[in-house]
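Let's take a walk through this one, starting with the pockets and then heading into the core. Have the viewer open as you read.

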Amino acid sequence: MSILFSPSTIRSVTFRNRLWVSPMCMYSAVDGVVQEWHHTHLAQFASGGAGLVVAEATAVVPDGRISPRDAGIWNDEQRDAWAPVVQAIHDRGAHAGIQLAHAGRKASTWWPWAAESGSVPVSEGGWTTAAPSAVAFEGFAEPVAVDAAGIDGIVTAFAAAARRAVDAGFDVIEIHGAHGYLLHQFLSPLSNLRTDEYGGSLENRARLLLRVVDAVRAEVGADVPVFVRISATDHAPGGFDAEEATTVAMWAQEHGADLIDVSSGGLVAHQQISVFPGYQVDLAGAVRQGGRIPTTAVGLITAAAQAEQVLADGHADAIFAGREWLRDPHFGLRAAHELGADVVWPPQYERARWR
């Protein structure tokens, strides 16, 4: 039997398989409200056989958006716009997750295909960004160091966003602590130069992330799976590394997280990353520690046999993929065929099923 296409249960949710869709920003929202694009984009992956579809990094406050076009869930209008998207995923047999995020010093930037790059000026719809310290991301505007009251407000915003997400029907909440965004900025000594209880030691640098995990878990209750995405290394000297990531993952689990979504990088612009198929898999395996901390692997996982082997080797408990789902929205059905797994096809697609 294929491990990739065996079910997996986390708290009250049983996923039909372990091949999942990673959150991918679409930069297509209007005032944080998702559009028809998001509905079509996400529902197609459920039709294509995904076990879990996680919606893109979704801002918990307006100034937490990566760009002015990012999705949000800081108000009820945004919650209500997400609800039919979630229902469409459910109708196609998959579970739905959402990644809750705050971009910190990497907020207020132009979207990838804009003519401009870097920070969006306030005069053109941008805003002043917040970070653990007043240290700019290379090429971006300098942020303001968030104070104690601001930190408390961020924790509250994550909890409120988690409540709206559950009310919209999402089955899984993922807290975005990776890719150089706010929670990662607190974790890394390269961006966190604070001397208070949120800076210095790893325990202090992880304090905000763990407060967010506590708040989200308290808000959503015991039945909802809570994931945490981390960058297991900054790929930069003196930065957050795999050893620290494993410790933080263990702490997050103790505070109520169920699974660590292991990625890497994103904190600094000049890091040198050697990219190859499955280049982050060993990081997931290191954090997993033989199954003591459930993880997912992500990063150039593009083939069924490759994904199956990652699980068979004990590096992860499930696979997240992004670009391969964009290239082939039916990646799940194709992978099942290649592995000889017996999965349920949408009846509308039965005439095209491989025999």
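**Pockets first, then the core**

The lining of the largest pocket is a mix: 22 nonpolar residues, 16 polar and five charged. Keep in mind that this is a predicted model. The space inside that pocket comes to about 1,100 Å³. It has 43 lining residues, and if you want to find the centre, look for Pro23, His179, Arg229, Ser263 and Arg323, which are the closest to it. Two elements give two or more residues to this lining, strand 12 (318-321) and helix 10 (323-327). Helix 10 gives the most, with four residues.

Now hop over to the second largest pocket, with a volume of about 410 Å³. Its lining counts 24 residues, and Arg16, Gly49, Val344, Trp345 and Pro346 sit nearest the centre. By class, that's 13 nonpolar, seven polar and four charged. Helix 1 (36-47) and helix 11 (331-339) each chip in at least two residues, with helix 11 supplying the largest share, three.

On to the interior. Nonpolar side chains in soluble globular proteins tend to be buried together. Here, the largest nonpolar core holds 92 residues, and Trp82 and Ile175 have the most contacts inside it. Helix 3 (residues 148-167) is the top contributor to this core, giving nine residues. Apart from that core lies another, made of 12 residues, including Val13, Trp20, Val54 and Ala318.

So what is Ile175 in contact with, leaving aside its neighbours within four places in sequence? The list includes Leu100, Phe158, Leu183 and Leu209, along with Val212, Val213 and Val216. Val226, Phe227, Val228 and Arg229 are in contact with Ile175 too. You've met Arg229 already: it is one of the residues closest to the centre of the largest pocket.

Definitions and conventions. Residues are numbered from 1 along each chain as its sequence is written. This is a predicted model: local features need pLDDT of at least 70, side-chain atom pairs count only at pLDDT 80 or more; totals for chains, interfaces and linings use all residues. Side-chain values use heavy atoms; hydrogens and water are left out. A nonpolar core is a set of buried Ala, Val, Leu, Ile, Met, Phe, Trp, Tyr and Cys residues joined through side-chain atoms within 4.5 Å. Buried means under 20% relative accessible area, exposed over 50%, partly exposed in between (1.4 Å probe, protein chains only). Contact means heavy atoms within 4.5 Å. On a 1 Å grid over the protein atoms alone, a cavity is a set of points where a 1.4 Å probe fits but cannot get out, and a pocket is an open set with protein on both sides within 12 Å along at least five of seven lines; lining residues have an atom within 4 Å of a point. Grid points are joined across faces, edges and corners, and a volume is the space filled by probe spheres set on the points. Ala, Val, Leu, Ile, Met, Phe, Trp, Tyr, Cys and Pro count as nonpolar, Asp, Glu, Lys and Arg as charged, and the others, Gly among them, as polar.
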